[in-house]
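Visitor: Please pick a single part of this model and go through it closely. I would like to know how it is held in place by its neighbours, and then what lies around it.

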Amino acid sequence: MLAYQLQLSIDKNAKQPAYLQLANQLIQLIRTGELRAGQKLIGTRSLAELLDIHRKTVVQAYDELLVQGWLESKTGSGTYVADTLPEVEPQKLSKQTLEKVNPAKKAGFTFIQPPHLRRDVLTSGYALHLDDGFPDPRLAPLSELSRVYRSQLLLGNQYVKLGYGDTKGSGWLRQELSTYLNETRGLKITPENILITRGTVMGIHLASAGLVQRGDVVVTGKMSWGTATTNFVQAGAHIEQIEVDEYGLVVEELEKLCQRKTVRLVYVTSHHDYPTTVTLRADRRLSLLKLAEKYGFIVFEDDYDYDFHYLSKPLLPLASADRAGMVLYCGSFTKAISPAFRVGYLVGPEDVISHLARLRRIIDRQGDLMLENTVAELLKSGVIERHLRKSLKEYRRRRDVFTELLQNELSKYLKFQLPDGGMAIWVLFDKSVDLERLAERCLKHDLFFSNGKHLHPTLNGTRLGFASSNEEELVRCVEVMKRNM
C-alpha cells in the first residue's frame, strides 16, 4: 500500500480552493481504508512542503476535517484520524471489479425496472422533423411572455410571489382560466374546480395515482397515447382496449364491456383522437356520458389540441355536457405556447380537485408561480387568444401545403385522411414500405419522424406532425422521404 501522502495532489489551476481539494482527498482516503481510525497524520509543515503549498492551506484543511469529525487533535501529540470512525479494510481492486462497483454507474442495492417504463424519450435536435404534432416555438408570443414574466418577478410583494403558494396553483391563473374555459369550452366552473399542473402528463399521473386502485379496469382505444397508458399501468390498472373507427371510440363496445366488467376509468381524446386525429361523433359523446353515469366510471378527457380546429367552431368537450360529475377534463398550454413552458390544468368536481391537490403536494409542492401568473396576465390581456388565432391560420396553411405534398409526391406509397384539426396527420404506408428502415434512412439525412412501432406493432402507420415546420422545411422533409423510399 502506497503511503497516503503520495496519493495527494493539488491542482493550483482548479476552481475549487486548495484546502477543499486536500480535505476531500483525505476524506476519500479515510473512506477507502487507506487512512485508518486512530492513524496519525503527517505534520502540517511537512505536508505543505511535500505538496508545494502554503502551510496555512494544510492547517485550514485539517481544521475543516476536525469540525466535520473526520479528525481529532491530541494536545502535544498531533492530529489523528478520529477513533470513533469504523474500521474499513482496504481492498485491491482490478479494473473490471472497479467498473462493477462504480457507485456512479451501478447501485449497490437491487430495484425493479418495470418494462412499461422503458420507453424512449423524444427530444428535439434534428434540422428537419415531422414530429408527434408539436407547435412551432418560432410563432410563440415570447416577447410578451418575457416582458410579463420579468414584471411578475420584479414587481409586487416578493415575499408572497416568491414564497409558497396554493398547491392548486396560482389563484389568479385559476380565476382567469375558469373564465376562459367557460367562454371557449362551454364549461360552468369556478377556480375551485381547477388544479394547475405542469402539463397533461401530471394531470394523468395524479388521476391514476389518486383515483385508480390496483386491479381496476381502465379503458383506452386500441391505439392510444403511450404516456397515458404507462401511467395507468404504473397505478396497477388492468388495461382494456376497444376499437376506434372513423367516428372515434366505439362506444357500443364499451357498453358490452361494462356489462361484463366493472370499469373504473375511460381515457379518451375526444376532440382529435390520438393517434388517428378523428373526432368523437356527437351521438357517441352523449352515449359515453350516459354510460359513465349508469356504470359509475370516470371519463378522463384529454383535450390536448382543442384550439386548433380548421373547419368551423369545434365540438364542445364532453365536460361541457357533464351533469353528473363524471368527467375530468385536462389540457395544457403546451400547444398554445411551447412544450418548454410547463403549465397545464385539470378540471373536475371540487372534492376530487381538493383530493388530487393533496396528492400533488407530496409529489411537487407547487409549480412555477411566476410562470402561472404570467400566463394569467396573457389570458387577461388577450395575448393568448390573439396568438391562437394567428397560429390557427398558419397551421392550417401548413397542413394544406403538407397534405398537397404528400398527395403529389408520395401518394403511391401512402394514404391519409385530411384532418379537421390538430397538428399531425395519421398516415398509413403501403406494405411495400419498410417504415422502420425508412425512418432510419431519413434520420441519416437529419429528418426525424417516428416509425410508429410504439403506436401499433404491426400496423404500418405513424403520425407526421406538420405544425412545427414552415413551408420550405416541409418541402425538404418530403424530398428526403421520397429519395429514401
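**A close look at strand 10**

Guide: Strand 10 pairs with strand 11 (residues 327-332) in the parallel sense, over 4 bridges. This is a predicted model, and what follows is computed from it. Within that pairing, Val 299 of strand 10 has Val 327 of strand 11 as its bridge partner.

The other neighbour is strand 9 (residues 263-268), which also pairs with strand 10 in the parallel sense over 4 bridges. Here Val 299 appears again, as the bridge partner of Val 266. Val 299 is thus a bridge partner of Val 266 as well as of Val 327. Strand 9 and strand 10 are also linked through helix 11 (residues 282-295), and the three make a right-handed β-α-β unit.

Now the side chains. Strand 10 covers residues 298-302, and 5 of its 5 residues are buried, so the strand is largely enclosed by the rest of the structure. Buried means under 20% relative accessible area. Ile 298, Phe 300 and Asp 302 point one way, while Val 299 and Glu 301 point the other way. The buried set on the first side therefore includes the charged residue Asp 302, and on the second side the charged residue Glu 301.

Strands of a sheet pair through backbone hydrogen bonds, either parallel or antiparallel. The sheet that holds strand 10 is open, has 7 strands in the order 4-12-11-10-9-5-6, and shows mixed pairing. Its edges are strand 4 (194-197) and strand 6 (238-242), each of which pairs on one side only. On average, neighbouring strands of this sheet are turned by 20° against each other, direction ignored. An antiparallel pairing is found at the strand 4 edge: strand 4 and strand 12 (residues 344-347) are joined by 4 bridges. In that pair, Leu 346 of strand 12 is the bridge partner of Leu 195.

Elsewhere in the model, the second largest pocket has a volume of about 640 Å³. It is lined by 26 residues, and those closest to its centre are Asp 245, Glu 246, Thr 276, Val 278 and Trp 426. Strand 7 (244-245), strand 13 (414-416) and strand 14 (424-429) are the elements that give two or more residues to this lining. By class, the lining has 13 nonpolar, 5 polar and 8 charged residues.

Terms used. Residues numbered from 1 in each chain as written. Predicted model: local features only at pLDDT ≥ 70, side-chain atom pairs only at ≥ 80, totals over all residues. Heavy atoms only, no water. Buried < 20%, exposed > 50% of the residue type's maximum accessible area, 1.4 Å probe, protein only. Pairing = 2+ DSSP bridges. Right-handed = clockwise from strand over helix to strand, strands pointing away. 1 Å grid on protein atoms, 1.4 Å probe; cavity = no way out; pocket = protein on both sides within 12 Å on 5 of 7 lines; lining within 4 Å. Points joined across faces, edges and corners; volume = space filled by probe spheres on them. Axes fitted to C-alpha atoms, helices over the stretch in contact; angles between N-to-C directions.
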